[in-house]
Amino acid sequence: MFRNCTRLSARARDCFYMSRRSLSQGSGGSSRSPSLFALLATCVFSASAGYAGHYYTKSQDFASTTSLDSLKSPTYASSKSVAEAIDKIRQIVGPDSITTSPGEIDYHSKDPSNFVRPKPDEHPNCVVYPTSVEQVSEILKICHEYSVPVIPFSGGTSIEGHYIPTRQGVSLDLGRMNKILRLHEEDLDVVVQPGVDWMELNEYLSPYGLMFGPDPGPGAMIGGILATNASGTNAVKYGAAKDNVLSLTVVLADGTIVKTKNRPRKSSNGYNLTNLFIGSEGTLGVIVEATLKLHFKPQNEVIATINFKEIGNATKTVTDLFRMGISCNAVEFMDDKQMRAVCEMGAGSSDDWAPDHMLLLKVGATSKESLKELVASINSVAKKNHGFNIGIASDEEDKERIWTVRKTLLWNSLQWARKVKPNATILPTDVCVPVSRLPELITRTMTKLEAADLLATAAGHAGDGNLHVLVIFDPEQKKVAHELINEMSKLAIELEGTVSGEHGIGVSDKRELLVEELGVDTIDLMRSIKYALDKKAILNPDHIFKIDPSENRNPSDD
């Protein structure tokens, strides 16, 4: 019997010998029970040790963290097993909800911007479109049984390689789970499926005078927004995704369906499982339903535009406004190069824009009288900090026109980049620092990029220190461009910030930089949580941090 228990620990082995010796001595009733208990404990302990051996290369049964070098390389299904799993999945969802067409496979292998590119073999074996929580659960059960990787997919707007199928497997497209299930108007919350577009959700909520707080890029869906903890321009007022969720329903790696909590606004019961899954990028579970907090739409809101010659004057204006207790619904910054792109591409009216640093503020109040007082305060503070070209837009059409330019800055900049450098490559990144360190971050970063003869634009959420930089470079400048982008992330860490304010990590260079930001032990703790919930490592493998000690994926080499 013992010869077959190859993974018993020393302690379990001792328990086994003690129990066997006691039984062989023919002890009386009073001593037989402890021996049987010891034997049972031995079996339980050996089973636990054996399962840990599935992915550990050395004994870490009692460690709180999981280091990369303690792991074996994960093993996944053979081609034959993948085919069997796909056949079973087809029986669950039907032939119209699963595809292997080259176009769909390619679409689910990379994001449209192609900023982080998949390797030649990094594509899913199939794309599946579930329509219910139960279908997702059954699909996960099959994939877990066969050790087939699962890559959750919703809006497809991420830019850090979040859904690159590094181990192939099943791309689980949740776009058909797009129902708004229940609105609790009096409680200010709504229950939705992951395939709901946030802009369509706000259209649905608008007649009720309500809105969902986060406002990331156009096309983003709730599943992806929560999986990456996205935010957008409204974060200074309403917070990121994590601040706007009451509860989640999640399907775990083995198909288990869990609900993290009920709908109350507060709870002190147990672990905060809701926020465990938010920002986990599909590596811990598949979000299949979310109860979201709602907010009243701002009334009597205006947009203020202010130009500055110095970045420091712009950020000081923000600090002064906050110190005065003026709460802005959005505070956006665009540097002079970004504004040059806006002007040259003819975005909006020429009366709105000038090629100087700009602050863009959304300010609202309960009454028009209060709003007038706020506008007067903004004028005063801006002028004190050498602001000029101060404009106030109150007409709905004007506000929409101005804000559309801000929300489409990335695509406007891409078009501008291709105009000024037709053969150039474009690479965006984002970091976040304390607001007081933002001028230093922008100045030092842009100075280095200019010194390397790289064209770049900068824009960000000045209210929370989140900076987006778009670097434009010719093919021969690729190496230095990646180096300087990584230096920007390291500078953000030096300034007590983070390597990603709202884009997430994915499989980009930021995986290594995240280790520098948080330290090895913190990443090892994340890895322990990953394996606690996903022992076969089938959920979006290789994302956020490494799970394979032999892996050497470097996006900079693409």
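This text walks through a helix, a strand pair, a sheet and a few single residues of one predicted model.

Residues are numbered from 1 along each chain as its sequence is written, and side-chain values use heavy atoms, with hydrogens and water left out. In this predicted model, local features need pLDDT of at least 70 and side-chain atom pairs count only at pLDDT 80 or more, while totals for chains, interfaces and linings use all residues.

Start with helix H3, residues 79-93. Helices (H or I, at least four residues) and strands (E, at least two) are DSSP runs, numbered from the N terminus. H3 has 15 residues, and at 1.5 Å a residue they should span 21 Å. The expected span is 1.5 Å times one less than the number of residues. The end C-alpha atoms of H3 are 21 Å apart, which agrees.

Which residues of H3 are buried? They are Val82, Ala85, Ile86, Ile89 and Val93. Buried means under 20% relative accessible area, exposed over 50%, and partly exposed in between (1.4 Å probe, protein chains only). These buried residues cover an arc of only 105° around the axis, so they sit on the same side of H3. The arc is that of the directions from the helix axis to the C-beta atoms. The buried residues pack against strand E1 (98-99), strand E2 (126-128), H5 and E4. Contact here means heavy atoms within 4.5 Å. The face turned away from the buried side carries the exposed residues Lys80 and Gln91. Gly94 follows H3, and its phi is positive, near 90°.

Next comes strand E3, residues 150-153. In a regular strand the side chains alternate between the two faces of the sheet. Val150 and Pro152 point one way from E3, and Ile151 and Phe153 point the other way. All are buried. E3 runs parallel to strand E4 (residues 170-173), and four bridges join the two. Strands pair if DSSP finds at least two bridges between them. Phe153 has Asp173 of E4 as its bridge partner.

Just ahead of E3, look at Ser147. This residue lies in the loop between helix H5 (133-146) and E3. Ser147 is not a glycine, yet its phi is positive, about 60°. Ser147 has a relative accessible area of 14%, so it is buried.

Now turn to the open sheet. How are its seven strands ordered? The order is E15-E12-E14-E13-E17-E18-E16, with antiparallel pairing. Strand E15 (388-393) and strand E16 (425-432) are the edges, each pairing on one side only. From one strand to the next, the twist averages 15°. Axes are lines fitted to C-alpha atoms, for helices over the stretch in contact, and angles run from 0 to 180 degrees between N-to-C directions.

Helix H11 (residues 336-344) packs on this sheet. H11 touches strand E13 (328-334), strand E14 (357-364) and strand E17 (455-461), and its direction makes about 100° with that of E17. Helix H13 (residues 396-407) lies across strand E12 (301-308), E13, E14, E15 and E17. H13 runs at about 55° to E12. At the E16 edge, eight bridges join E16 to strand E18 (residues 466-473), and the two run antiparallel. Thr429 stands opposite Val469 in E18.

Two single residues remain. Thr291 belongs to strand E10 (residues 286-293). Thr291 counts as buried because its relative accessibility is 6%. Not counting residues up to four places away in sequence, Thr291 touches Asp189, Val190, Val191, Val245, Leu246, Ser247 and Arg263. Asp542 lies in the segment after helix H18 (520-533). Asp542 has a positive phi of about 80° although it is not a glycine. At 3% relative accessibility, Asp542 is buried.
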